[in-house]
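Please look over the sequence and the three-dimensional structure shown here, and keep both in view while reading the paragraphs that follow.

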Amino acid sequence: MMNSPTVQWPNSLWAAVTPDGPELPELTGPQSADVVVIGGGFTGLSTALNLREAGVDVAVIEAMEPGWGASGRNNGQVIPTLSRPDPEDIVARHGAAGERFVALLRDSASTLFDMARRYGIEAEHEQTGWVQPVHSPGRIKIAERRVRQWSKYGAPVELLSREQARDMLGSDAWFGGFWNRSGGHINPLALSRGLARVVLQKGGRIYARSPATGFERRNDKWVVTTARGEISGRALVLATNAYSGELAKSLAPNIAHEVMPILSWQMATQPLSDNVRKTIIPGRQAMSDTHGELYFARYDARNRLVTGGAVIGPGNKTERIKARVTERLQRLWPQIGEVTFDHVWNGYVGMTTDFLPRMHRLGPDAYAWTGCNGRAVALSIALGDELSKAVRGVSERELALPFTEPRTIPAHGLLRKLAPLMLLVYRRRDAREIA
């Protein structure tokens with residue numbers, strides 16, 4: 001992976017194996033488009049692609065390169081649910097808009113895989129399903145609740161007994177669970193770069209290495225400014241999620257301060273031998289369980305087990321996370337033997353206080369969303385279509401966008417420093433059985 005003079009890529013598996021993206025210009029001087037999208041990740045690129053398919057002139061403004069942020073750093077699990085809230089929670093909060101959002105979420109994994117197939121994007125996509133095993137006997141109630149609620153909305157879910165979970169995962173560590181057959185996994189950076197290519201092929205524009213420093217309403221137009229230029233448009237989509245305040249604190253502080261950016265560590269083993277691979281998640285599903293300190297894993301196309309974890313405190317975090325996750329993998333799957341990690345990297349996840357995403361109207365024909373809570377891959381792609389409809393004037397009564405007003409987290413700066421300590425709380429909760 002070649003680094004440009006201004007863009008340094010993480011030491012990720014995805015950066016190592018993914019072909020370079022398209023060459024893109026910086027934004028210089030005054031420019032204009034019908035719709036301006038800030039952020040060249042999954043949401044921004046999906047929005048732009050859907051707009052181009054509708055014949056709308058669109059330009060994407062990306063601070064680094066497409067996929068540099070969370071969209072190219074995540075684990076690549078394609079999960080058609082939220083992390084904690086279930087359908088009834090969403091509908092109770094948002095009513096009819098919540099019903100539409102649940103339907104969008106239900107179909108979000110298939111939306112992503114269908115998009116990759118339709119445009120011929122080589123994203124190492126495998127629609128093998130997503131499994132959520134439970135890590136204590138009492139937590140089978142979580143799986144039962146989720147199967148009941150998602151079945152009501154037509155999702156392809158199934159409850160798993162302990163024996164079924166053992167056969168599916170190759171481990172006795174879990175006590176059953178459930179799975180959704182529409183999920184799976186991708187190479188997220190390959191998907192990001194593939195989407196960027198398709199946007200360009202369809203006539204869209206992408207400006208890279210051009211961090212937006214602010215936006216304002218001027219003469220009935222939205223104007224986005226960067227260090228070397230500005231671009232105006234009738235409509236605006238802010239698609240920066242957890243990175244909203246990381247590169248330009250002036251961009252959208254009210255959006256940036258309603259999520260807590262949490263560092264998530266990812267890592268990839270050396271390729272497993274065929275004999276071992278066939279005994280660990282033999283069906284190649286994506287897996288993430290019920291621990292608050294999440295246990296998760298999936299394979300890449302080269303049979304590397306891609307997993308990760310969390311670490312707090314001083315010291316060499318890379319070596320500490322390697323040691324911690326090595327112990328975990330050997331405990332879950334003793335047959336794995338010696339574990340060596342070739343790639344260790346991290347990126348931000350945007351967390352909200354209630355684990356629900358936030359959808360906002362920023363003004364006339366201007367929209368934003370944030371708060372992925374670790375479930376952004378499928379959701380971001382699906383939201384791109386909804387945001388493209390919003391800026392094209394589709395009625396709010398038809399959109400799967402439960403709008404709210406931005407509400408910042410009090411004492412955000414202090415709490416951001418303290419947030420990693422929540423890992424200690426999660427560990428304590430994880431060790432406790434639920435009634």
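Which helix gives the largest share of the nonpolar patch? Before turning to the reply, it should be said that this is a predicted model. The helix in question is H13, residues 412–418, from which 3 residues of the patch come. The nonpolar patch on the surface covers about 430 Å² and is made by Leu414, Leu415, Leu418, Leu421 and Leu424. One of these residues, Leu418, has its place in helix H13, and because its relative accessible area is 41%, Leu418 falls in the partly exposed class, which lies between the limits of 20% and 50%.

The surface also carries a patch of another kind, a positive one, which is formed by Arg84, Arg428, Arg429 and Arg432. Among these, Arg428 can be found in helix H14, which runs over residues 422–431.

From the patches we can pass to the salt bridges, of which the model has 31 in total. One of them joins Arg209 to Glu26, with 3.7 Å between the closest N and O atoms. Arg209 sits in the loop between strand E8 (205–207) and strand E9 (214–218), while Glu26 sits in the loop between H1 and E1, so this pair ties together parts of the chain that are 183 residues apart in sequence. Glu26 has a relative accessible area of 27%, and it is therefore described as partly exposed.

A second salt bridge can be followed within a single helix, where Glu319 pairs with Lys322 and the closest N and O atoms are 3.5 Å apart. Both Glu319 and Lys322 lie in helix H11, residues 317–332, and they are 3 residues apart, which is about one turn of the helix. Each partner is partly exposed, since Glu319 has a relative accessible area of 42% and Lys322 has a relative accessibility of 24%. Elsewhere, salt bridges that share partners join Glu26, Glu65, Arg209 and Arg228 into one network, and the pair of Arg209 and Glu26 described above is itself a salt bridge.

Another salt bridge is the one between Arg166 and Asp167, whose closest N and O atoms are 3.6 Å apart. Here the two partners fall into separate classes of accessibility: Arg166 is partly exposed, with a relative accessible area of 34%, whereas Asp167, at 54% relative accessibility, counts as exposed, because the exposed class holds residues over 50%.

Let us now turn from these residues to Thr18. Is Thr18 buried or exposed? Thr18 counts as buried, because its relative accessibility is 7% and the buried class takes in values under 20%. Along the chain, Thr18 lies in the loop between helix H1 (13–17) and strand E1 (29–38), and its side chain is joined to the side chain of Asn187 by a polar contact of 3.0 Å.

Finally, a loop residue of another part of the chain can be considered in the same way. Gly245 has its place in the loop between strand E11 (229–238) and helix H9 (253–256), and because its relative accessible area is 10%, Gly245 is buried. Gly245 and Ile255 are 10 residues apart along the chain, and their C-alpha atoms are separated by 8.3 Å.

Key. Residues numbered from 1 in each chain as written. Predicted model: local features only at pLDDT ≥ 70, side-chain atom pairs only at ≥ 80, totals over all residues. Heavy atoms only, no water. Patch = residues over 30% accessible without salt bridge, like charges linked within 9 Å, V, L, I, M, F, W, Y side chains within 5 Å. Areas by Shrake-Rupley, 256 points an atom, 1.4 Å probe, with all protein chains shown as cover. Salt bridge = Lys/Arg side-chain N within 4 Å of Asp/Glu carboxyl O. Lys, Arg positive; Asp, Glu negative; His and termini not counted. Charge placed at Lys NZ, Arg CZ, Asp CG, Glu CD. Helix = DSSP H or I, 4+ residues; strand = E, 2+ residues; numbered from the N terminus. Buried < 20%, exposed > 50% of the residue type's maximum accessible area, 1.4 Å probe, protein only. Polar contact = N/O pair within 3.5 Å; in protein donor to acceptor, adjacent residues only side chain to side chain.
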